[in-house]
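Me: I would like to go through this model step by step, with short questions and short reasoned replies. Here it is.

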Amino acid sequence: MEGKRILVVEDEKIVALDIARKLEKLGYSVNAMVSCGEAALESIQGDRPDLVLMDIELDGEMDGIQATAQIQSIYDIPVVYMTAYADEKTLGRAKVTGPFGYVLKPFETKDLQVAVELALYKHGMEAELLKARKLESVGILAGGIAHDFNNLLAVIMGYINLAKTQLKPEDDIYQNMEMAEKSCLQASELTKRLITFSRGGAPLRKATSLAGLLRGSVDRTLLGSDIRCNLSLPDDLWPVFIDEGQMKQVIHHLVMNAREAMPDGGLITISAENSKVTEREGFPLKEGTYVQCSFKDHGIGIPGENLSRIFDPYFTTKDRYSTKGMGLGLAICYSIIKSHDGLITAASEPGSGAAFTIYLPAAAPQSGVPAVRKGDATGNSIEEGISKEE
Ligand SMILES: Nc1ncnc2c1ncn2[C@@H]1O[C@H](COP(=O)(O)OP(=O)(O)OP(=O)(O)O)[C@@H](O)[C@H]1O
Ligand SMILES: [Mg+2]
């Protein structure tokens, strides 16, 4: 939770300074201290914090509750109230703004830490849950439509094929039929992607070496590009418990996105490490052993306002084609990783690249799969930087 940026809204200057000092001691950074609701909104617009600590009694026209209501109507930022005293009526008004916490002044550093950490954790979990629910319902709809649509496409293709047998290849109309057939095949490809997204739910999992899988899949996706790939994998990387076909798709989409983000070529670094996750890390992952694998590029990066939307189906910043630039790649990755009980996260510094990290459950050690299979299919574009874990 360290390094999170907090806006302090407090009209008593000395109290605000004391809170800021406490927060900084705890490892948070205070991105601004303001004394009224209007200034809070202005500050958030210019420099979005991860959390707002809001006094209820404030200078200016708005009190803290009104300011919070406005913040929540525009932004998805958790607010924690801090106040010395609140009557029933004020508490009632505060409640309906859905605060993520309440801390009574004067407070000790520890009280502040508990309130802030719980609020950040709860907000993170809610966002994750909302994303999962949204993708699940869109997935059901998309999968249903894609299925019916695929059946209709099969009938259309059947009639096209039949018509072609009644024509000669030199006929003009035969060429038209070929074009119609090509479009049908593209549409069918799209429906397949939608079906994968909607039912990432049923993977056929077995213990697999991620290293071998990475080498084969990355090569294919980078074919014909000016992109180099640096693979950094420890010798003792645990095997993962995955559906090989589905995970190839994840690797393909992540590498393809990195390729598309670096149209003039560049370097993709893929690194993996063994990772033990414990409940207290506050991760939306069950406690257990995982292999953590990151894909880093040095491309255009992802602006902050897009980061929370990139996993949404049909969110794209690229030119749309019938099967490319549909905004489905990451939605498919998310859905597949989720059905593997894993996690996918994204981080980016706009202008200097993006990094996607996936966590995949490790297979039991007795699975008999070698950790890193050296000498698997490798192409010219891959450099091996096998690292040893301490
Ligand atoms: N490595 C990256 N660098 C910069 N932006 C990225 C990267 N990966 C994803 N994005 C952003 O996320 C958006 C969604 O990605 P996603 O893979 O879901 O769809 P797409 O690549 O636009 O289309 P599709 O994958 O269906 O061909 C992209 O349009 C792009 O804006
Ligand atoms: Mg993509």
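Reply: One definition is needed beforehand: Ala, Val, Leu, Ile, Met, Phe, Trp, Tyr, Cys and Pro count as nonpolar, Asp, Glu, Lys and Arg as charged, and the others, Gly among them, as polar. The model is predicted.

Me: By class, how many residues of the shell around ligand 1 are nonpolar, polar and charged?
Reply: The shell around ligand 1 consists of 23 residues, and the closest are Asn257, Ala261, Thr316, Gly329 and Leu330. By class, the counts for this shell are eleven nonpolar, nine polar and three charged.

Me: Which element gives the most to the shell around ligand 1?
Reply: Two elements give two or more residues to this shell, helix H8 (244-261) and helix H10 (329-339). With four residues, the element that gives the most is H8.

Me: Which are the edge strands of the sheet?
Reply: The sheet is open and has five strands with parallel pairing, in the order S2-S1-S3-S4-S5. An edge strand pairs on one side only, and this holds for strand S2 (29-34) and strand S5 (101-104). The edge strands are thus S2 and S5.

Me: What is the bridge partner of Met54 in S4?
Reply: Strand S3 (residues 51-55) and strand S4 (residues 79-83) run parallel and are joined by four bridges. In S4, Met54 has as its bridge partner Tyr81.

Me: What angle does the direction of helix H5 make with that of S5?
Reply: Helix H5 (residues 109-165) packs on the sheet and touches S3, S4 and S5. Its direction and that of S5 make an angle of about 175 degrees.

Me: Which helices each supply at least two residues of the side of domain 2 that touches domain 3?
Reply: The domain assignment gives domain 1 (5-107), domain 2 (128-198) and domain 3 (206-384). Between domain 2 and domain 3, 14 residues of the former are in contact with 13 residues of the latter. On the domain 2 side, the helices that each supply at least two residues are H5 and H6 (172-198).

Me: By class, how many residues on that side of domain 2 are charged?
Reply: The side of domain 2 that touches domain 3 has seven nonpolar and three polar residues. Its charged residues number four.

Me: Over which residues does pLDDT stay under 50, with 25 contacts beyond four places in sequence?
Reply: The protein chain has a mean pLDDT of 86, and 90% of its residues reach 70 or more. Residues 385-390 have pLDDT below 50 and 14 contacts beyond near neighbours in sequence. The stretch with 25 such contacts is residues 370-380.

Conventions. Residues numbered from 1 in each chain as written. Chains lettered and ligands numbered in written order. Predicted model: local features only at pLDDT ≥ 70, side-chain atom pairs only at ≥ 80, totals over all residues. Pairing = 2+ DSSP bridges. Contact = placed C-beta atoms within 7 Å. Axes fitted to C-alpha atoms, helices over the stretch in contact; angles between N-to-C directions. Domains from an automatic or database assignment. pLDDT = per-residue confidence, 0-100. Near = placed C-beta within 6 Å.
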